[in-house]
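Let's take a look at a protein chain together. Scroll through the sequence, turn the model around, and then read on.

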Amino acid sequence: MNPRGYRSNRTSLFDGIEEGGIRATSYSSHEIDEQENDRAIDGLQDRVSILKRLSGDIHEEVETHNRMLDRMGNDMDASRGFLSGTVDKFKMVFETKSSRRMGTLVASFVALFLLVYYLTRCRIYLENSLS
């Protein structure tokens, strides 16, 4: 065999590998870019699903709070109606003269009770301090 022929055969043999290697490298670079994009897409899909669940949870929480506020509003309206009725009854009671006398009588009993209570407390205090 001819050394030059051997060399040219060898060169041509390596040239094909180098070209294939370059093609394989460019192909694998493109493939690597696609894999990175796929991983990025998967990461984004995970984040989107987390945000979707989070927004669903927020929606449920808002709905719960709205229902609770509606119930509180209804309860406040009912309380307001009840208090309004009670105030109207008190006004009606105190508008008549006999009711005024009844109010005066009740106030007198309360004042008498407080006076007796105060006097008994003073007497007990004096007895304890003298002993």
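How exposed is Asp77, going by its relative accessible area? Asp77 has a relative accessible area of 46%, so it counts as partly exposed. Keep in mind that the model you're looking at is predicted.

## The overall picture

Start with the big parts: the chain has two helices and zero strands. One of them is helix α1, which covers residues 3-95.

Now for the surface. The chain has 131 residues, and buried ones make up 1% of them. About 12400 Å² of the chain is exposed, with 62% of that supplied by carbon and sulfur atoms.

## A charged pair

Side chains of opposite charge can pair when their charged atoms come close. Here, the count of salt bridges comes to one. Asp77 makes it with Arg80, and their closest N and O atoms are 3.1 Å apart. That fits within the 4 Å cut-off for a salt bridge.

Why are these two separated by about one helical turn? Because Asp77 and Arg80 are three residues apart in helix α1. As for Arg80, its relative accessibility is 54%, so it counts as exposed, while Asp77 is partly exposed.

## The annotated stretch

Now move along to residues 102-120. An unreviewed UniProt entry annotates them as a "transmembrane region".

What does the model show there? The span is 100% helix and 0% strand, and the C-alpha atoms at the ends of residues 102-120 lie 27 Å apart.

Note on methods
Residues numbered from 1 in each chain as written. Predicted model: local features only at pLDDT ≥ 70, side-chain atom pairs only at ≥ 80, totals over all residues. Heavy atoms only, no water. UniProt positions renumbered as here; feature names shortened; annotations may be inferred. Helix = DSSP H or I, 4+ residues; strand = E, 2+ residues; numbered from the N terminus. Salt bridge = Lys/Arg side-chain N within 4 Å of Asp/Glu carboxyl O. Buried < 20%, exposed > 50% of the residue type's maximum accessible area, 1.4 Å probe, protein only. Areas by Shrake-Rupley, 256 points an atom, 1.4 Å probe, with all protein chains shown as cover.
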